[in-house]
Amino acid sequence: MNGFISQNINQIRQQLPSHVRLIAITKQVSVIGMREAYGAGIRDFGENRLQEALLKQEQLQDLPDICWHFIGHLQTNKGRKVLEKFQWIHSVDSLKLASRLNELAGEIGKTPQVCLQVKVLADPNKYGWEIPELLADLPQLDHFSGLKIQGLMTILPLGLSEAETFGAFRELSLLSEKISQANWLHLQMQELSMGMSADYKFAVSAGATMIRLGRIIFGARMS
Ligand SMILES: *Cc1c(COP(=O)(O)O)cnc(C)c1O
C-alpha cells in the first residue's frame, strides 16, 4: 500500500535521526489507517483512551509485534487494564498514580516502562508535575521498583513562539540531565518523550528520544 499515510511516514522518517523513536498517535484513527502505518514500518502506536485502544487491539491481534503506548490521563481505576495491555505509559502524572501503578504492577507481575509527565510551563489545563514538585517527589518515585521509570514526558501549552517552544523542550532536557546526575536505585533518565505534529522538529533538536505524532501522519482529527 502506498497511500498518503505511508508517504507521510516516509517523509518524516527521512528527516529523523535514527535514535528517535517515532510513535504514531492513533486516537480517532481507524484500524485501516493503522494497518497502513504498520505496513510503512510503524511498530509503536499511542492511544489516549483506554476503551478505544482495547477495541483496536482486538482488531489488530494478527499484528503481534506492536508496542502499545498509553499517552492519556489515567484514572487509577483503569490502571490494571492499562498495565495489562500497554508496554509503555507516558502519562504518569502524579505521585498517587505512580504509587498505585507500582502496587498493581507487583500484583499482576508486570514491570511497565513509564515516563513522568512534567509541566515545564505552568498550564492549568494540563496534568503533570511542576518541576519543583517533581524534584521533591523523586526520592519516593525511586522506591517504586515495580515501575521502570525511563524518563520524562511533556506536552507544551498552545500558542508559544518558536523560541519559547525550543526553550521549553531544552528545559526538560536539562532537567533530565540534572536528575540523572544523582545516584538513584531505579530511576532512569534516558528517554525524553516530547514533540507532537506542530513542534516535533524543535523537540528533536532539543534532544527528544521519542516523538508522538498524530495529525501530521494521519490528517486532521474531528476534534
Ligand atoms: C494527541 C496527542 C499527540 C499527537 O498530537 P498531534 O498534534 O496529532 O501530533 C501527542 N501526545 C499526546 C499526549 C496527545 O494527546
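**Exercise 1.** Is the crossing of H6 and H7 left-handed or right-handed? Describe how the two helices pack.

*Solution.* Note the source of the coordinates: this is a predicted model.
- Step 1. Locate the helices. H6 spans residues 131-141 and H7 spans residues 162-180.
- Step 2. Take the geometry. The two pack at an angle of about 20°, and their axes are 12 Å apart.
- Step 3. Classify the angle. Angles under 35 degrees count as roughly parallel. H6 and H7 are therefore roughly parallel to each other.
- Step 4. Read the hand. The H6 and H7 crossing is right-handed.
- Step 5. List the contact. H6 brings Ile 131, Leu 134, Leu 135 and Leu 138. H7 answers with Glu 171, Leu 175, Lys 178 and Ile 179.
- Step 6. Sort the H6 and H7 contact residues by class. Six are nonpolar, none is polar and two are charged.

**Exercise 2.** Work out how H1 and H2 pack, and which residues make the contact.

*Solution.*
- Step 1. Locate the helices. H1 covers residues 4-15, and H2 covers residues 31-39.
- Step 2. Take the geometry. H1 and H2 pack at about 45°, with axes 8 Å apart.
- Step 3. Classify. H1 and H2 are therefore oblique to each other.
- Step 4. Read the hand. The crossing of H1 and H2 is right-handed.
- Step 5. Name the residues. Phe 4, Ile 5, Ser 6 and Ile 9 come from H1, while Gly 33, Glu 36 and Ala 37 come from H2.
- Step 6. Sort them. The contact of H1 with H2 has four nonpolar, two polar and one charged residues.

**Exercise 3.** Place Lys 27 in the fold and list what it touches.

*Solution.*
- Step 1. Check the record. An unreviewed UniProt entry places the feature "modified residue: N6-(pyridoxal phosphate)lysine" at Lys 27.
- Step 2. Find the element. Lys 27 sits in the loop between strand E1 (21-25) and helix H2 (31-39).
- Step 3. Leave aside neighbours within four places in sequence. Lys 27 then contacts Gly 46, Glu 47, Asn 48, Glu 52, Lys 56 and Arg 221.
- Step 4. Set the wider frame. The unreviewed UniProt entry gives "domain: Alanine racemase N-terminal" for residues 5-221. Over residues 5-221 the chain is 42% helix and 18% strand. The end C-alpha atoms of that stretch are 14 Å apart.

**Exercise 4.** How many aromatic pairs does the structure hold? Analyse the one formed by Phe 45 and Trp 68.

*Solution.*
- Step 1. Count. There are two aromatic pairs.
- Step 2. Take the geometry. Phe 45 and Trp 68 are 6.1 Å centre to centre, with 40° between the planes. The pair is tilted.
- Step 3. Map the pair. Phe 45 lies in strand E2 (residues 44-47) and Trp 68 in strand E3 (residues 67-70), so the pair ties together parts 23 residues apart in sequence.

Note on methods:
Residues numbered from 1 in each chain as written. Predicted model: local features only at pLDDT ≥ 70, side-chain atom pairs only at ≥ 80, totals over all residues. Heavy atoms only, no water. Axes fitted to C-alpha atoms, helices over the stretch in contact; angles between N-to-C directions. Helix = DSSP H or I, 4+ residues; strand = E, 2+ residues; numbered from the N terminus. Parallel < 35°, antiparallel > 145°, perpendicular 65-115°, else oblique. Left-handed = near helix turned anticlockwise from the far one by under 90°. Contact = heavy atoms within 4.5 Å. Nonpolar A, V, L, I, M, F, W, Y, C, P; charged D, E, K, R; others polar. UniProt positions renumbered as here; feature names shortened; annotations may be inferred. Phe/Tyr/Trp six-rings, centres within 6.5 Å; stacked < 30°, edge-to-face > 60°.
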